[in-house]
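Good morning, everyone, and thank you for making time for this. Please have the sequence and the model open while I talk, and stop me if a term is unclear.

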There are 2 protein chains.
Amino acid sequence: MATGRNHRPATRSRGIPEATVARLPLYLRALTALSERSVPTVSSEELASAAGVNSAKLRKDFSYLGSYGTRGVGYDVEYLVYQISRELGLTQDWPVVIVGIGNLGAALANYGGFASRGFRVAALIDADPSMSGKQVAGIPVRHVDELETIIHTNGVSIGVITTPGGAAQQVCDRLVAAGITSILNFAPTVLQVPEGVDVRKVDLSIELQILAFHEQRKAAEDLSRETAAPDRMRVPAEQRGEQGPEGDVPAVMPA
Amino acid sequence: MATGRNHRPATRSRGIPEATVARLPLYLRALTALSERSVPTVSSEELASAAGVNSAKLRKDFSYLGSYGTRGVGYDVEYLVYQISRELGLTQDWPVVIVGIGNLGAALANYGGFASRGFRVAALIDADPSMSGKQVAGIPVRHVDELETIIHTNGVSIGVITTPGGAAQQVCDRLVAAGITSILNFAPTVLQVPEGVDVRKVDLSIELQILAFHEQRKAAEDLSRETAAPDRMRVPAEQRGEQGPEGDVPAVMPA
DNA sequence: GAGTCTTTGTGCACGCGTTCACAAGGACAT
DNA sequence: ATGTCCTTGTGAACGCGTGCACAAAGACTC
């Protein structure tokens, strides 16, 4: 080390940019892989490429955590793993409840990625009484009536909602009232929460729609590049249900 | 309304900011709900609140699409639904393949949100031969050897990867080679793709880690506030493994 | 110990996204 | 018609995130 001299850039654990926080898990994953291969050190260039980001960005991200690298050498893998884990709060064990044990909830319960890295499924909760007591991924499903009790007894502060959209807000309200302050929402619903509660959402159909937008744009570009005369596009090529990129079919006009 | 007609603000389908595109599905969902309740028009304020965004942002977003509102009145719900659907490319039907029919893949196959809005599961694909022929959500699972054939015959351009992390890059390469240009990746892997291929990732453990970060920060703030003033609820000093926000335990220092 | 080489850490500039604040525009009543 | 009232559409300012480019700093050689 010897580098220990000062370097406490004021922007310590307080001011880490949100965009950086969102990338730390990515770095952590890449570093863990390196660690398992017993790689001792890694340069910003190598690590950045493994994490799929730009090396300057990575260095700047790490600079918010502190000066953990060695110039001319790179970063100590084990040390970085520890620092990032600590920064993300993964040195402690976060109990999590999953509410809504349908296909998706069951899939998440079975997902191995939980326990491995600081998270533990404290309980599975469902509103269907016929589910109660059944085991999913070795964990018994409990009725939603017990929600508050479960949260208090286990000191849960993170909840995952995998209910149908219609039930999500209701479940959310109960979770928040019971003391949950972080929610991961898989339901296709915009949750209203009070100040101080974090919500992150994962929404399959939104992601697909964004992809569809770009896909459409790419198709339109290809089409206009293919035909020398950009006047009339719309060739049978491609999928059946086609539509000009400027398909101004009024269809439904406002009255 | 009679407002229709004219308005072609130059910034047509070309320059829609990415951030706006990502919000369009949100607006669309809120509008669809209004449409089902037969609400004829909606103001930017109302719609914004339903979509969980700021009304100025919403108006600016819509301004990229064109001038579809009526001053003093608001937006025509049906008309906006149509315009946004068209912009997102949902007036056509996108065939999608899901690769990796484990718990998650099966959950997605069962998810109703697909067909309802412009997407159709063209095939389920898995590498396990014993899965082949079995039905999941009424769709037969086919072997990964058929991947290329399936994609070509159905003109698929969007692929969903729900394999384990180790297989993801390999599957991705095959999808891209077969002509897929948009990928939704659920595997915990950073995919390398050539120029022109869009990848969006959904990663449960990354989301949880981000929540954990904020949760830790909130806990640290509460703790430091508690020293001065007593707090209502919140029983113990938190779960077992607590750690100061500045827990500078050197633990392992690099050489 | 001096010089070279490598890689970090960061100052700076730029572009995107967000928000404010208000003029422009249209509906509706009189 | 004319005036009032309401809501949109947008110019402008600001802040965050990104990427470049380079000086600073340590390791390694001779």
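I will begin with chain A: among its contacts between residues at least 6 apart in sequence, 56% join residues at least 24 apart, where a contact means heavy atoms within 4.5 Å. Before I go further, please keep in mind that this is a predicted model, in which local features need pLDDT of at least 70 and side-chain atom pairs count only at pLDDT 80 or more, while totals for chains, interfaces and linings use all residues. Residues are numbered from 1 along each chain as its sequence is written, chains are lettered from A and ligands numbered from 1 in the order in which they are written, and side-chain values use heavy atoms, with hydrogens and water left out.

Chain A has nine helices and 10 strands, which are DSSP runs numbered from the N terminus, H or I over at least four residues for helices and E over at least two for strands. Of the 255 residues in chain A, 47% are buried, that is, under 20% relative accessible area with a 1.4 Å probe and protein chains only.

Now to the DNA. Which residues are closest to DNA strand C? Of the 29 residues that surround this strand, the closest are Ser44(A), Tyr75(A), Arg23(B), Lys57(B) and Arg71(B), and a residue counts as near when one of its heavy atoms lies within 4 Å. The largest share of this surface, four residues, comes from α3(B). Turning to polar contacts, which are pairs of N or O atoms within 3.5 Å, a side-chain N or O atom of Lys60(A) is 3.1 Å from a base oxygen of DNA strand C, and a side-chain N or O atom of Arg59(B) is 3.4 Å from a base nitrogen of that strand.

For DNA strand D, 26 residues surround the strand, and the closest are Lys57(A), Lys60(A), Arg71(A), Ser44(B) and Tyr75(B). Here a polar side-chain atom of Arg23(A) lies 2.9 Å from a phosphate oxygen, and the largest share of the surface near DNA strand D, four residues, comes from α3(A).

Finally, let us look at two helices of chain B. The axes of α1(B) and α3(B), each a line fitted to C-alpha atoms over the stretch in contact, come within 10 Å and cross at roughly 105°, with angles running from 0 to 180 degrees between N-to-C directions. The two helices α1(B) and α3(B) are therefore roughly perpendicular, a label that covers 65 to 115 degrees.

Definitions and conventions: A polar contact is a pair of N or O atoms within 3.5 Å; within protein, one must be able to donate a hydrogen and the other to accept it, and residues adjacent in sequence count only if both atoms are side-chain atoms. Angles under 35 degrees count as roughly parallel, over 145 as roughly antiparallel, 65 to 115 as roughly perpendicular and the rest as oblique. Buried means under 20% relative accessible area, exposed over 50%, partly exposed in between (1.4 Å probe, protein chains only).
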